[in-house]
Amino acid sequence: MRHIISILVENEAGALSRISNMFSARGYNIESLTVAPTEDASMSRMTVVSVGSDEIIEKITKQLNKLVEVVKVVDLSEAEHIERELMLIKVRAGVKEREDVKRMADIFRGRVIDVSDSTYTIELTGDGAKLDAFIQALDQSTILETVRTGASGIGRGNRILRV
Amino acid sequence: MDRIKTEELSGAEIVIRCLQAEGVDVVFGYPGGAVLWIYDELFKQDKVRHVLVRHEQGAAHAADGYSRSSHKVGVCLVTSGPGLTNAVTGIATAYMDSIPMVIISGQVPTHAIGEDAFQECDTVGITRPCVKHNFLVRDVKDLAMTMKKAFHIATTGRPGPVLVDIPKDITVNKCEFVYPETVSMRSYNPVKKGHAGQIKKAVQLLLEAERPMIYSGGGVVLSNSSAQLIELVKRTGFPITNTLMGLGAYPATDEQFLGMLGMHGTYEANMAMQHCDVLIAIGARFDDRVIGNPAHFAQNPRKIIHIDIDPSSISKRVKVDVPIVGNIPDVLDDFLKLIKESKTKNIASWWKQIGEWRGKDCLKYDRKSKIIKPQFVLEKLYEVTGGDAFITSDVGQHQMWAAQFYKFEKPRRWINSGGLGTMGFGLPAAMGAQMANPGATVACVTGESSIQMCLQELSTCKQYRLPIKIINLNNKYMGMVRQWQQFFHGNRYSESYMDALPDFVKLAEGYGHSGLLIDKPADVEPALRETFKRKKDLVFLDFLTDQAENVYPMIPGGKGITEMILSEDL
Ligand SMILES: Cc1cc2nc3c(=O)[nH]c(=O)nc-3n(C[C@H](O)[C@H](O)[C@H](O)COP(=O)(O)OP(=O)(O)OC[C@H]3O[C@@H](n4cnc5c(N)ncnc54)[C@H](O)[C@@H]3O)c2cc1C
Ligand SMILES: Cc1ncc(C[n+]2csc(CCOP(=O)(O)OP(=O)(O)O)c2C)c(N)n1
Ligand SMILES: [Mg+2]
């Protein structure tokens, strides 16, 4: 099963490699990983998406908790949560394609954030499935470049991860 | 934060002051460019003693042996680049067996990091997978706190080695020195007490057990909770087995002790593990060399209680019913309080069954042999030392025979590399044990192949007058490898014969020690008696032993815990 794991970690040099090392050393899979500082600059929040049986995911959270720099770990998938990913996608948009591309972007609530003679760059957020769907909906031959951040997640309502 | 003193000191001075503040009395190390200022400060004081090894692997193993034999932190000091990479085997060895150690490594100056500077290596990166934690100090102001954290992390929770990498410029830069008295880290708070509800549940299971079994490991030794373990065993009357790492935590001569379990464990211990109805694991991690194939182990369902301070040790290879995360002495104290008021079941028929298994006498060997049997040497070693020596070992058959035939009565007397299985560990670990226990009897049980891996340390032993007794069980083979080749590779002894062996007696003499070759069973005991009378000398005993002897019982890799190969003699 796919799990989305949130980690609060000390914002120290090397903390990221310690975490990614642990995954590779123990053969756990990482589908995506995002990290950035939080409102408290001494701490970063990381979101890891991993696929594995419940048993494997339990092992992953135990191993994460064992790392000295890790402050807290939560498997968001255990309860209600929201998941978002940002994608920037550059597509060929000459005179012929422009209108189609724009319409498709609107349907998916994407925004065109950069325009040139022959290209549109579209910004789109949503869960992974929505971004996949958008890519599918486009004429494949027009896609020039895609950049995805990987998922970030947060618990719903009063489910809060902080120290 | 309380201040004990405030003055401007160089980083090098700070390192030494921190070691003094931590009560470190000996550091094992080897100098080099990046640590010259630290060595300079060592020179100027006499509280922290330095032992100069002959290879950095020896420094790490010696610090490790020092810790295992004393429950103090082992400290080693190495230079950047090759100094550190040489120490890595020793660090990984300590990591696998959860030994509290602090490793201080020199690093190229901060401004040169990342520029492929002379003797630069990514120490933090190289050691990351084999330390509990590591630090690169980037500012002299962080040095004291980092040292404090290193000792704190190494010794609390599940212990382990912690490395502090110090660039050369940091050892020169100055700042006010304040050694923090306490440290608190929001990201690191190991538990102590176990969950009361879980403990109650566990005790209930123990009280209802008809075929109970206690299985304890290195955690009991590491947490100094041998006394509580003995009380639990005595109060319940249950049978107990120890892992290789747990030997000595329960007195081996006691009748409730079933011997070591696992790949080379006793028949009775392995049978009881498989057929018990309630199993309590205490500071033991269900290693693959212990329970064999987990699927086979699961064929006989039993209720399992598991006490461990590291949640990641629990339900890793074997799913358990009652996990208890906590510090062993705290948890066992709670157990004992609850058990006091209650009675366990009558388990006479279980003991009868165990007695039958014991009747197999699975460690039997040919006592009339005209060639020296390695088992015989170890039995005599036990007798001659009264079971009271610190015994270190290398890795191989000799290690298993030592574990089977030397009856350890006290914890911290058996010092060996279990998790990593590092040949070369024995001699430097013995140096550490001797440094930590001056005047005590220390013997290193080794093989002709293992001893050659850190042989250079004979020179260190000479310099520091370490009267270690080396028990070389010389079968001219990498015996453990040969045994596997005999059993599983059609007797094809590929590269396991140790040709061109040195004359070990002359070799010992070359280093300024004495040596003795023993090739007759009748000479074994007299040689040992003479040797152990020599309290001041290192003596190298080269026993020519039966080349064809195998370690029994043996669970072949991938097999179940009861699928043991027993000696042909049985
Ligand atoms: C050639 C060879 C053959 C071997 N054959 C065997 C064999 O036949 N039988 C055998 O047993 N081993 C054997 N081993 C050793 C084996 O590889 C493992 O190293 C060993 O079994 C592990 O011992 P352990 O389970 O006691 O765990 P350890 O490695 O000693 O781990 C200790 C456990 O205790 C926990 N702990 C530590 N401190 C505390 C505390 N304060 N409170 C609570 N918990 C704590 C730790 O978290 C850890 O889980 C062999 C090794 C070699 C090299
Ligand atoms: C550093 C290292 N290299 C290789 C091995 C694999 N190995 C395990 S036991 C063994 C043979 C040990 O031979 P010896 O020291 O003579 O002991 P014996 O088994 O003969 O008693 C080898 C090569 C190891 N454990 N460690
Ligand atoms: Mg040998």
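Which residue has an N or O atom in its side chain 2.8 Å from an oxygen atom of ligand 2? The residue is B:E448. The model discussed here is predicted.

## Ligand 2

Ligand 2 is surrounded by 17 residues, and the closest are B:Q397, B:G421, B:E448, B:S450 and B:G479. Besides the side chain of B:E448, which approaches an oxygen atom of ligand 2 to 2.8 Å, backbone atoms take part. A backbone N or O atom of B:Y477 is 2.9 Å from an oxygen atom of ligand 2. For B:M480, a backbone N or O atom likewise lies 2.9 Å from an oxygen atom of this ligand.

On its own, ligand 2 exposes 590 Å², of which the protein buries 76%. Two elements of chain B, α17 and α20 (479-488), each give two or more residues to the shell around ligand 2. The largest share, three residues, is supplied by α20(B).

## The magnesium ion

Two residues already named for ligand 2, B:E448 and B:Y477, also belong to the magnesium site. The magnesium ion (ligand 3) is coordinated by B:E448 through OE, listed twice, by B:N475 through OD1 and by B:Y477 through O. These coordination distances run from 2.1 to 2.4 Å. Along the chain, the donors of the ion follow the spacing E-x26-N-x1-Y. Both B:N475 and B:Y477 are buried.

The arrangement around the magnesium ion (ligand 3) is irregular, because its six donor atoms subtend angles of 53 to 177°. For comparison, ideal angles for six octahedral donors are 90 or 180 degrees. Six donors count as octahedral if opposite donors are over 155 degrees apart and all others lie between 65 and 115. The low end of the range at this site, 53°, does not fit that requirement, so the site is classed as irregular.

## Ligand 1

The shell around ligand 1 holds 36 residues. The closest are B:G218, B:T243, B:R285, B:D308 and B:N327. Two of these have polar side-chain atoms placed against the ligand: one of B:D308 lies 2.6 Å from an oxygen atom of ligand 1, and one of B:N327 lies 2.7 Å from a nitrogen atom of ligand 1. From the backbone, a polar atom of B:G418 is 3.0 Å from an oxygen atom of ligand 1.

Taken alone, ligand 1 exposes 990 Å², and the protein buries 97% of that area. In chain B, the elements that give two or more residues to this shell are α9 (218-222), α12 (288-291) and α17 (397-405). The largest share comes from α9(B), with three residues. Helix α17 of chain B thus appears in the list for ligand 1 and in the list for ligand 2.

## Cysteines

A disulfide is a covalent bond between the sulfur atoms of two cysteines. Over all chains, the structure holds zero disulfides. B:C276 is in no disulfide, and its nearest cysteine sulfur, that of B:C362, is 18 Å away. B:C276 is buried, with a relative accessible area of 1%.

B:C444 is also in no disulfide; the nearest cysteine sulfur belongs to B:C461 and is 9.1 Å away. A disulfide requires the two sulfur atoms to be within 2.5 Å, so this pair does not qualify. B:C444 counts as buried, at 0% relative accessibility.

## Backbone features

The peptide bond from B:Y552 to B:P553 is cis, with omega near -10°. B:P553 lies in the segment after β20 (539-544) of chain B.

Positive phi values occur at B:D116 and B:A500, neither of which is glycine. Phi is near 55° at B:D116, a residue in the loop between β5 (101-107) and α5 (123-127) of chain B. B:D116 is exposed, with a relative accessible area of 74%. At B:A500, phi is near 50°. B:A500 sits in the loop between α20 and α21 (504-510) of chain B, and at 71% relative accessibility B:A500 counts as exposed.

## A buried threonine

B:T422 is found in the loop between β16 (414-415) and α18 (426-436) of chain B. With a relative accessible area of 6%, B:T422 is buried. The side chain of B:T422 makes a polar contact of 2.7 Å with the side chain of B:T93.

How values were computed:
Residues are numbered from 1 along each chain as its sequence is written. Chains are lettered from A and ligands numbered from 1 in the order in which they are written. This is a predicted model: local features need pLDDT of at least 70, side-chain atom pairs count only at pLDDT 80 or more; totals for chains, interfaces and linings use all residues. Side-chain values use heavy atoms; hydrogens and water are left out. Donors are N, O and S atoms within 2.8 Å of the metal (3.2 Å for Na, K and Ca); water is not among the atoms, so sites may look incomplete. Four donors count as tetrahedral if all angles lie between 85 and 135 degrees; four count as square planar and six as octahedral if opposite donors are over 155 degrees apart and all others between 65 and 115; anything else is irregular. Buried means under 20% relative accessible area, exposed over 50%, partly exposed in between (1.4 Å probe, protein chains only). A residue is near a molecule or strand if one of its heavy atoms lies within 4 Å of it. A polar contact is a pair of N or O atoms within 3.5 Å; within protein, one must be able to donate a hydrogen and the other to accept it, and residues adjacent in sequence count only if both atoms are side-chain atoms. Accessible areas come from the Shrake-Rupley method with a 1.4 Å probe; for residues, only the protein chains shown count as cover. Helices (H or I, at least four residues) and strands (E, at least two) are DSSP runs, numbered from the N terminus.
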